[in-house]
Amino acid sequence: MMTTLSVENLTCGYNGKEPVLADVNLTARPGEVLALIGPNGAGKTTLLRAMSRVLRPQRGHVRLNGHNIWELPAQQVARQVACVAQNTRLAWPYTVRQVVALGRFPHRGWLSPYTADDRRVIEDALNRTGLWVLRERPLHTLSGGEQQRAIIARALAQAPEVLLLDEPVAHLDLKYQVTILDLVRELADGGLTVVVSLHDLNHAACYADRLALLAEGRLLAVGEPAAILTATNLEAVYDTHVVVSPHPLNHVPLVIPVPGSMRDRAPAE
């Protein structure tokens, strides 16, 4: 099923305090990667928490296929929406396979036996994240990057229609940054709705269909990478000098920060 996730006039905060995200309107569509970008404290994680039904809005709505997500049964939302939080660390005495198998809970409950389809989905998630050879290892013995892949695999095992990811490649080496983002792109191309927050603007440019630029709790602009990743936009939001030039292979914007020692130099002809 093609699933749309949208926010309408969304305002969110914590513990009854002042909002950290205000008046956001945004729609994530099936078949696309929507990347949330912006500096630290811009509101990216708060937006993902609201979209995943973890943080209740102070004002506005989150809608899953037009339905208020807070009026839907929690299990139904869990079947449709999977979220990979930032910096997830688990000290559970479980193997990688057992952790990934937890992703099947919304479809089967705690006590029901695993079906052949459950086992197939779990195996596929392990393979797609490069974890098959580590499947019997206790989770706590893995590196931070390997644990992150296990959490992503658990989300894939949910077989969701919407996938929300908060900095999913922050702790991964170069190979697995590409492996995971290639997988994200493949899932979107297959019809999934994907929203991902990324600090790496070049990753966002290469993998996302649209970018949502946030700063100080406000949504400043939404559009294709070429429209959003301009030197004017980025220097205003990040307060640093950048050079933006076409990527040599796919011509999307390539963002290069300018070191202080080079800022007085004229650009090369």
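Let's start with a pair of charged side chains: Glu8 and Arg63 form a salt bridge, with their closest N and O atoms 3.0 Å apart. The two sit far from each other along the chain, since Glu8 belongs to strand E1 (residues 5-12) and Arg63 to strand E4 (residues 59-64), 55 residues apart. Glu8 is partly exposed, with a relative accessible area of 29%. Keep in mind as you look around that this is a predicted model.

That pair has company: a search of the whole structure turns up twelve salt bridges. Take Glu32 and Arg210, whose closest N and O atoms are 2.6 Å apart. Here the link spans 178 residues, from Glu32 in the loop between strand E2 (21-28) and E3 to Arg210 in strand E9. Is Glu32 buried or exposed? Glu32 is buried, because its relative accessible area is 5% and buried means under 20%. Arg210 counts as buried too, at 13%.

Another salt bridge joins Asp209 and Arg185 (3.0 Å, N to O). It ties the loop between helix H8 (201-207) and E9, where Asp209 sits, to helix H7, home of Arg185. Asp209 counts as partly exposed at 29% relative accessibility, while Arg185, at 17%, counts as buried.

Now for the sheet. Six strands make up an open sheet with mixed pairing, in the order E6-E7-E8-E3-E9-E10. Strand E6 (81-84) and strand E10 (218-223) stand at the edges with a single partner strand each, so one side of each has no neighbour in the sheet. On average, neighbouring strands are turned by 15° against each other, direction ignored. Look at E7 (residues 162-166) and E8 (residues 193-197): they run parallel and are joined by five bridges. In one of these strands, E8, Val196 is the bridge partner of Leu165.

Helices lie across this sheet. Helix H1 (residues 44-51) crosses E3, E7, E8 and E9, running at about 150° to E7. Helix H7 (residues 174-189) lies across E3, E7 and E8, at about 135° to E3.

Finally, find helix H5 (residues 116-128), which has 13 residues and reaches 18 Å from its first C-alpha to its last. Which of its residues are buried? They are Asp118, Val121, Ile122, Ala125 and Leu126. Seen down the axis of H5, these buried residues fall within an arc of 135°, so they line one face of the helix. In general, an α-helix has 3.6 residues a turn, so residues three or four places apart point the same way. The cover over the buried residues of H5 includes helices H3 (96-101), H4 (105-108) and H6 (144-157). After H5 comes Gly130, with a positive phi near 70°.

Terms used
Residues are numbered from 1 along each chain as its sequence is written. This is a predicted model: local features need pLDDT of at least 70, side-chain atom pairs count only at pLDDT 80 or more; totals for chains, interfaces and linings use all residues. Side-chain values use heavy atoms; hydrogens and water are left out. Helices (H or I, at least four residues) and strands (E, at least two) are DSSP runs, numbered from the N terminus. The expected span of a helix is 1.5 Å times one less than its number of residues. Buried means under 20% relative accessible area, exposed over 50%, partly exposed in between (1.4 Å probe, protein chains only). The arc is that of the directions from the helix axis to the C-beta atoms. Contact means heavy atoms within 4.5 Å. Two strands pair if DSSP finds at least two bridges between them. Axes are lines fitted to C-alpha atoms, for helices over the stretch in contact, and angles run from 0 to 180 degrees between N-to-C directions. A salt bridge is a side-chain nitrogen of Lys or Arg within 4 Å of a carboxyl oxygen of Asp or Glu.
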